[in-house]
Amino acid sequence: MPDIHRGQTPGAPMTFHVSFGIVILSLIILRLLWRLIHPVAPESSLPPWQRLTSEVVHWTLYALVLVTTVTGWLFASFRGWSLSFFYLVPLPMLASDNAAAGKLIDGWHQAAQWTLLAFLGIHVAAALVHMLVYRDRIMQRMLPE
């Protein structure tokens, strides 16, 4: 999205980018609430360092998804863009037009998205290690019984 400059109206790519961000934000809030209401017992067969690392990575993923989506929405608001949710419902502005704040929040948004991608890679790599190297039943815990 770097080609959209101040004074330009964001088009369909930005509308869909923000709309999917709102969907992800809604889903992560629901998932976070579910996780808080239905806590998952740590896998007792894992060494303590793996249990701790697993918890840290999972909660960091929740935080990064929240930060990434909210900073993206704030960035659009600071740029003064009026956006809609898939062209159906206008999205509220979270802040007023402010170039300096927009530049700052854009940096946070970019840092959050790259950090999220890194943690996502760590999460996938750990899952593959459990499935292919350790061959334990960690992956089966995610499946319904």
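**Aromatic pairs, salt bridges and enclosed space**

The count of aromatic pairs comes to 6. The model is predicted. One of the pairs joins Phe16 and Tyr87. Their ring centres lie 5.9 Å apart. The planes meet at 80 degrees, and the pair is edge-to-face. Phe16 lies in helix 1, whereas Tyr87 sits in the loop between strand 1 (84-85) and strand 2 (89-90), so the contact ties together parts that are 71 residues apart in sequence. Phe16 counts as partly exposed, at 35% relative accessibility.

A further edge-to-face pair is formed by Phe85 and Phe86. Here the distance is 4.9 Å centre to centre, with 70 degrees between the planes. Phe85 is partly exposed, with a relative accessible area of 26%. Phe86 is partly exposed too, with a value of 22%. Ring pairs also build a cluster. Its members are Phe16, Phe20, Phe85, Phe86 and Tyr87.

Charged contacts were examined next. Side chains of opposite charge can pair when their charged atoms come close. The count of salt bridges comes to 2. In one, the side chains of Glu55 and Arg35 meet, at 3.3 Å from N to O. Glu55 belongs to helix 2 and Arg35 to helix 1, so this salt bridge ties together parts that are 20 residues apart in sequence. The two partners fall into separate exposure classes. Glu55 is partly exposed, with a relative accessible area of 29%. Arg35 is buried, because its relative accessible area is 9% and buried means under 20%.

Glu43 forms a salt bridge with Arg141. The closest N and O atoms are 3.0 Å apart. This pair links distant parts of the chain. Glu43 is in the loop between helix 1 and helix 2, and Arg141 is in the segment after helix 3. The two residues are 98 residues apart. Glu43 counts as partly exposed, at 22% relative accessibility. Arg141 is partly exposed as well, with a relative accessible area of 37%.

Open and enclosed spaces were then considered. The largest pocket has a volume of about 1,100 Å³. Its lining holds 34 residues. Closest to the pocket centre are Ser54, Val57, His58, His123 and Met142. Three helices each supply at least two lining residues: helix 1 (12-37), helix 2 (48-78) and helix 3 (99-134). Helix 2 gives the largest share of the pocket lining, with 11 residues. By class, the pocket lining has 22 nonpolar residues. Another 6 are polar and 6 are charged.

The count of cavities of 30 Å³ or more comes to 1. The largest cavity holds about 40 Å³ of space. Residues from Val18 to Met93 appear in its lining, including Trp73, Ala76, Ser77 and Trp81. Leu83, Leu91 and Pro92 also line the largest cavity. Helix 2 again gives the largest share, here 3 residues of the cavity lining. The cavity lining divides into 8 nonpolar residues and 1 polar residue, with no charged residue. Charged residues do occur in the lining of the largest pocket, where they number 6.

Notes:
Residues are numbered from 1 along each chain as its sequence is written. Side-chain values use heavy atoms; hydrogens and water are left out. On a 1 Å grid over the protein atoms alone, a cavity is a set of points where a 1.4 Å probe fits but cannot get out, and a pocket is an open set with protein on both sides within 12 Å along at least five of seven lines; lining residues have an atom within 4 Å of a point. Grid points are joined across faces, edges and corners, and a volume is the space filled by probe spheres set on the points. Helices (H or I, at least four residues) and strands (E, at least two) are DSSP runs, numbered from the N terminus. Ala, Val, Leu, Ile, Met, Phe, Trp, Tyr, Cys and Pro count as nonpolar, Asp, Glu, Lys and Arg as charged, and the others, Gly among them, as polar. A salt bridge is a side-chain nitrogen of Lys or Arg within 4 Å of a carboxyl oxygen of Asp or Glu. Buried means under 20% relative accessible area, exposed over 50%, partly exposed in between (1.4 Å probe, protein chains only). Rings of Phe, Tyr and Trp (its six-membered ring) pair if their centres lie within 6.5 Å; planes under 30 degrees apart count as stacked, over 60 as edge-to-face and the rest as tilted.
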